[in-house]
Amino acid sequence: PVTRVEVGLGARAYDILIGPGLVARAGDEIARRMAGVRCAVVTDENVAAVHLDALADSLGRAGVEHSAITLDPGEKTKSFGPFERVVDALLGARLERGDLVIALGGGVIGDLAGFAAGVVRRGMGFVQVPTSLLAQVDSSVGGKTGINTTHGKNLVGVFHQPRLVLADTAALDTLPAREFRAGYAEMVKYGLIDRPGFFDWLERNWRDVFAGGAARVEAIAESCRAKAAIVARDETEAGERALLNLGHTFGHALEAATGYDGRRLVHGEGVAIGMTLAHRFSVRLNQCSADDAEKVEAHLAGVGLPTRMADISGQLPGAEALLTYIMQDKKVSRGALTFILTRGIGRSYIAKDLPAAEVLSFLRENH
Ligand code: NAD
Ligand code: ZN
């Protein structure tokens, strides 16, 4: 049972196929749509150990010529050194503009391989085979690619849309449980932004989403539709796309405050705490009912995600220091901040000009 979500961005529309077994079918899907292409698969050691053989076999059976580049796992791989390695390998294999870079992995591999595909020969073909839940519902949709620099994350990159995304929902069975939950937080985010029905559905069906099967496919498909809809309404990031940052202002500050130490906090966990805080902050500002904020926290905590700063292991810096991280993350004009707030579940909005003093006293109360 494969679900197809069509994404129409810019001049080019492409398909996201979602279902179990797609890694093993990738060769056929690619050969059928892009006859005669040659491919370079970019992946990391963790993913290669469990899924590269299946992908390579599938390409081989379909008669698709391919090679593979395997990188170290982790965020550090999204940087100039590994980027140069990938570019060298693509040119060394004499791939041409019409040939394909296939990203097999999580968001790190997708962002890096997509960036290489976007600039080598001024833009090669690109196919995503996302293997983390975060990559399937978030980073593989929208066309943003890039790497980090010493000046900060995601500062160098291009928009480069894939020709095809193959989200194999069974490939997620090898993902560590903590990574799965972290990706789930981004799914919940789409419900909280503007799909209250989806949030209700997740409350009823989350166990099946975690277990696999039809509910997982449906939840990933709905998440892709949700992100694609927001991106399509705001491809250039003028406004509405900011809604995708729900929970991320607090979340990024907490990631920074814990030194990006994945043992203490992974991105999706920061987002779970951040979304809870965004709802509580909205209650404090008389925008959202306390009932809705409690429902959100109960659901996130129910699946095993952290929801409070106190859930983070070790010492956190004080409220003032957290505010400094928030101000560094966000554009600040004369002491006022932009936040994603909410009028209730599925009714989030962009709040401009929030006084920093208001944020500080909220942080003090919730520290
Ligand atoms: P990741 O790519 O590091 O993957 C997480 C971990 O899971 C890694 O150790 C990886 O090796 C492992 N893994 C992945 N799939 C696996 C599988 N099926 N089985 C076993 N292990 C597996 O991290 P991520 O959370 O997928 O992505 C985070 C990155 O995505 C960040 O760099 C972030 O900036 C980026 N991102 C990009 C966008 C975008 O729009 N381009 C959006 C959100 C996030
Ligand atoms: Zn996120």
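**Helix packing and annotated sites in the predicted model**

Leu-254 is found in helix α9. In this predicted model, Leu-254 has 25 C-beta neighbours inside 10 Å and therefore counts as buried, the threshold being 20 or more. Residues up to four places away in sequence being left out, Leu-254 touches Leu-265, Gly-270, Ile-273 and Ile-312. Its C-alpha atom is separated by 25 Å from that of Asp-194, with the two positions 60 residues apart along the chain.

Helix α9, which comprises residues 248-257, also contains His-248. This histidine is buried, with 22 other C-beta atoms within 10 Å. Beyond the residues up to four places away in sequence, His-248 touches Val-271 and Gly-274. UniProt, in an unreviewed entry, lists His-248 together with Glu-186 and His-267 under the feature "binding site". These residues span 82 residues in sequence, yet no two of their C-alpha atoms are more than 10.1 Å apart, so they gather at one spot.

Glu-186 is placed in helix α6. It counts as buried because 25 C-beta neighbours lie inside 10 Å. With residues up to four places away in sequence not counted, the contacts of Glu-186 are Leu-134, Val-137, Asp-138, Gly-268 and Val-271. Val-271 is thus touched by Glu-186 and also by His-248.

The packing of α6 against α10 was examined next. Two packed helices are described by the angle between their axes and the distance between the axes. Helix α6 (residues 177-194) and helix α10 (residues 267-284) pack at an angle of about 35°, and their axes are 7 Å apart. The crossing in which α6 passes α10 is left-handed. On the α6 side, the residues that meet α10 are Arg-181, Ala-182, Gly-183, Ala-185, Glu-186, Lys-189 and Leu-192. Their counterparts in α10 are His-267, Gly-268, Glu-269, Val-271, Ala-272 and Met-275. Classified by residue type, the contact of α6 with α10 has six nonpolar, three polar and four charged residues. Glu-186 and His-267, both of which belong to this contact, are also listed by UniProt under "binding site" in the unreviewed entry.

A further set of positions carries the feature "binding site" in UniProt, again from an unreviewed entry: Gly-107, Val-108, Ile-109, Gly-110, Asp-111, Thr-131, Ser-132, Lys-144 and Lys-153. Gly-110 is found in helix α4, which covers residues 107-119. Gly-110 counts as buried, since 30 C-beta neighbours lie inside 10 Å. Its neighbours within four places in sequence aside, Gly-110 is in contact with Ala-103, Gly-105, Gln-128, Pro-130, Ala-135, Ser-139 and Ser-140. Lys-153, by contrast, lies in strand β8 (residues 152-156). Lys-153 is partly exposed, with 14 other C-beta atoms within 10 Å.

At the level of the whole chain, the protein contains 13 helices and eleven strands. The C-alpha atoms fill a box of roughly 60 × 40 × 40 Å along the principal axes. For 367 residues, a compact globule would have a radius of gyration near 21 Å, and the value of 20 Å for the protein chain agrees with this. Buried residues make up 48% of the 367 residues. Among contacts between residues at least 6 apart in sequence, 74% join residues at least 24 apart.

Notes: Residues are numbered from 1 along each chain as its sequence is written. Chains are lettered from A and ligands numbered from 1 in the order in which they are written. This is a predicted model: local features need pLDDT of at least 70, side-chain atom pairs count only at pLDDT 80 or more; totals for chains, interfaces and linings use all residues. Axes are lines fitted to C-alpha atoms, for helices over the stretch in contact, and angles run from 0 to 180 degrees between N-to-C directions. Helices (H or I, at least four residues) and strands (E, at least two) are DSSP runs, numbered from the N terminus. A crossing is left-handed if the near helix is turned anticlockwise from the far one by less than a right angle, and right-handed if clockwise. Two residues are in contact if their C-beta atoms, placed from the backbone, lie within 7 Å. Ala, Val, Leu, Ile, Met, Phe, Trp, Tyr, Cys and Pro count as nonpolar, Asp, Glu, Lys and Arg as charged, and the others, Gly among them, as polar. UniProt positions are given in the numbering used here, feature names are shortened, and annotations may be inferred rather than shown by experiment. A residue is buried if 20 or more other C-beta atoms lie within 10 Å of its own, exposed if 12 or fewer, and partly exposed in between; C-beta atoms are placed from the backbone. The radius of gyration is taken over C-alpha atoms; the globule rule is 2.2 Å times the number of residues to the power 0.38.
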